[in-house]
Amino acid sequence: MLAVLLVLVVAGVGFGIRVALARSQGEPQPVAPATSVAAPTEGVHKATPPGAPASGSATPAATTTGVVVDVGGQVRRRGVVRLGAGSRVVDALSAAGGPLPGADLAALNQARVLVDGELVFVPRPGEAPPAGANQPASGTGATGVPGAAGGGPPGAGAPVDLNRATAEQLDALPGVGPAIAARILEWRAQHGRFSSVDELGEVQGIGPKMLERLRALVRT
């Protein structure tokens, strides 16, 4: 009988322990409130979108390149014009409103590349341009050789450009004179340009001997 009672006591104690554990596991446990962590503001930089300038930095200004030339003579609007880099004489004439009727365009190399600060002068037929006009640079000619200024006065190292020379410049050549100078200009107007010095022999009044004298004094 005592043994049975002891078993019942042990069983009751065990049952009580199980009930206590079940109650403790079923009760809700308090949860600590979430703590918000502020994002650090110092030492953190926002990502800059590609192509956008960085904050606090100035956007560099665009660099303007080109040439500034003075256009005068027989054009509709004389004055200084600004053109893009690589512009040519024909672009300067267009910026000046184009040539006037009767302008001697054969005196110009319209395909020549302009140089900053130069004077582009469109003459009348037979008119001599101002000193230094229609030259790519001071002291250089159309070929870039010092002293070889096309259309300039004849002299050592300065042959006259048959396609740009005026009547006065041709007249100054030995043995030419006003009459033959006018015929040279007439031949140039009819054929467009001289492709070689030998074509001077086709001008009336210029024979083989004169052609040989002029060969070293002119060029195309």
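## Contacts and overall layout

Take the contacts in the protein chain between residues at least 6 apart in sequence: 41% of them join residues at least 24 apart. Keep in mind that this is a predicted model.

The protein chain has five helices and five strands. Reading from the N terminus, they come in the order α-β-β-α-β-β-α-α-α-β.

## Surface and burial

Of the 220 residues in the protein chain, 30% are buried. The chain's accessible surface is about 14000 Å², and carbon and sulfur atoms account for 61% of that.

## A look at helix 4

Helix 4 covers residues 177–191. With 15 residues at 1.5 Å a residue, helix 4 should span 21 Å, and its end C-alpha atoms are indeed 21 Å apart, so the two values agree.

Just past helix 4 sits Gly-192, with a positive phi near 95°.

## Two sides of helix 4

Which residues of helix 4 are buried? They are Gly-177, Ile-180, Ala-181, Ile-184, Trp-187 and Arg-188. Looking down the helix axis, these buried residues fall within an arc of 120°, which means they line one face of helix 4. The background is simple: an α-helix has 3.6 residues a turn, so residues three or four places apart point the same way.

Flip to the other side of helix 4 and you find Pro-178, Ala-189 and Gln-190, which are exposed. As for what covers the buried residues of helix 4, the cover includes helix 3 (167–171) and helix 5 (208–215).

Definitions and conventions:
Residues are numbered from 1 along each chain as its sequence is written. This is a predicted model: local features need pLDDT of at least 70, side-chain atom pairs count only at pLDDT 80 or more; totals for chains, interfaces and linings use all residues. Side-chain values use heavy atoms; hydrogens and water are left out. Helices (H or I, at least four residues) and strands (E, at least two) are DSSP runs, numbered from the N terminus. Buried means under 20% relative accessible area, exposed over 50%, partly exposed in between (1.4 Å probe, protein chains only). Contact means heavy atoms within 4.5 Å. Accessible areas come from the Shrake-Rupley method with a 1.4 Å probe; for residues, only the protein chains shown count as cover. The expected span of a helix is 1.5 Å times one less than its number of residues. The arc is that of the directions from the helix axis to the C-beta atoms.
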